[in-house]
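I opened my notebook today to look up how the ligand is held. Come along and keep the structure in view as we go.

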Amino acid sequence: MSMIRSVIRGCGGYLPERIMTNDDLAEMVDTSDDWIIERTGIRTRHIAADGELTSDIGVASARQALERSEMDATDIDLIILATSTPDQTFPATAVSIQAELGITHGAAFDMQAVCSGFVFALATADNFLKSGQYQRALVIGAETFSRILDWEDRGTCVLFGDGGGAVVLEAQKLNGVATDRGILASQLRSDGRYRDKLFVDGGPSSTGTVGHLRMHGREVFRHAVTNISEVIVDTLKGTGYTADDVDWFVPHQANRRILEGTARRIGLSSEKIVMTVENHANTSAASIPLALNTAFEDGRLQDGHLVLMEAMGGGFTWGAVLARW
Ligand code: ACO
């Protein structure tokens, strides 16, 4: 029976010009290139320039995704921006992106699920498109995490970077079978009992300040592989596919060890992992679309490929999306 699918028409990405190496960090805090590489796999990260905002990064990513989709900005009637580092507390940064792109119709809003933000935004857009309410969506992940890091805390400041990525989704009536293009399945989870494991120690209604990122790294690590593996199994269930059928595993890029541990747990060969954490570090909601963009630009990601995306982040929140490119 035919059904509406959210087909990915194109992707884009943007990384700020400035690159910060592990050696640069070793001049700021008591750390070393060796420690960071061994524990995380990270070598470099990009850092936004003074005055460069999350909206600027989002707009640059969106423009590239629109161009590759051969669409005008005015074809878009839904913008969802996944971010934890908005330009301001309000209005939503998505409306700045909407205005910058010259769009005056439809809806634009931000989504807050920290590192899982892109997966949450993708699943949300998919449901809006499938319901028939909107036709073409820009789903963006953009972050300036450098602005909420405590640059004196070696346990966190070495892990994150800035950047953005975007995809354009279009509602298309397809056959309703697993070989269709587009988003085939998604699952989202949250468990607020763990909200103090990874958080920002400020906010408008608590301290009246922006605050800094705080994390119990080991605790996050401990839950990551189990939670992610479970949600992947649930996402694949019912699609008729197994991990073997997946062409590319495009995970949230938190830490090389989490990525490899998850792939092992679900029985996915390591050659199928799209890994960008080495050069981008953890860009939170931007990391999956940036990884998609990397695999698209280097020619790995081809039309018809089955792509498995997953993320876990503060909250905890976690989820997975299976899509055919
Ligand atoms: N350089 C040198 N030493 C450091 C650094 C650093 N940058 N950071 C911490 N250390 C020290 C600690 O002080 C500690 O020293 P001690 O033994 O003298 O007390 C030692 O290294 C070990 O610290 P741990 O925190 O136990 O190190 P661990 O092996 O757990 O690695 C890490 C830390 C990399 C943060 C790891 O826990 C991790 O990756 N956790 C997942 C967190 C994550 O990825 N969060 C991202 C957001 S959530 C998500 O996206 C999934």
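Entry 1. I began with Arg154, in what is a predicted model. A backbone N or O atom of Arg154 lies 2.8 Å from a nitrogen atom of the ligand.

Entry 2. Next I looked up side chains that meet oxygen atoms of the ligand. For Arg39, I found a polar side-chain atom 2.6 Å from a ligand oxygen. For Asn255, a polar side-chain atom lies 2.5 Å from an oxygen atom of the ligand.

Entry 3. How much of the ligand does the protein bury? I noted that the ligand taken alone exposes 1000 Å², and that the protein buries 75% of this area.

Entry 4. I then asked what kind of space the ligand takes, and it is the second largest pocket.

Entry 5. Which elements give two or more residues to the shell around the ligand? I wrote down α2 (33–40), α6 (154–157), α7 (217–236) and α8 (256–266). The largest share comes from α7, with four residues.

Entry 6. I turned to the whole shell and found 23 residues surrounding the ligand. The closest are Thr31, Arg39, Arg218, His252 and Asn255. By kind, the shell residues divide into 11 nonpolar, seven polar and five charged.

Entry 7. Last, I looked up where the shell sits in terms of domains. Domain 1 (3–174) and domain 2 (182–324) each supply at least three residues to the shell around the ligand.

Terms used: Residues are numbered from 1 along each chain as its sequence is written. This is a predicted model: local features need pLDDT of at least 70, side-chain atom pairs count only at pLDDT 80 or more; totals for chains, interfaces and linings use all residues. Side-chain values use heavy atoms; hydrogens and water are left out. A residue is near a molecule or strand if one of its heavy atoms lies within 4 Å of it. A polar contact is a pair of N or O atoms within 3.5 Å; within protein, one must be able to donate a hydrogen and the other to accept it, and residues adjacent in sequence count only if both atoms are side-chain atoms. Accessible areas come from the Shrake-Rupley method with a 1.4 Å probe; for residues, only the protein chains shown count as cover. On a 1 Å grid over the protein atoms alone, a cavity is a set of points where a 1.4 Å probe fits but cannot get out, and a pocket is an open set with protein on both sides within 12 Å along at least five of seven lines; lining residues have an atom within 4 Å of a point. A molecule sits in a cavity or pocket if more than half of its atoms lie within 2 Å of its grid points. Ala, Val, Leu, Ile, Met, Phe, Trp, Tyr, Cys and Pro count as nonpolar, Asp, Glu, Lys and Arg as charged, and the others, Gly among them, as polar. Domain bounds come from an automatic or database domain assignment.
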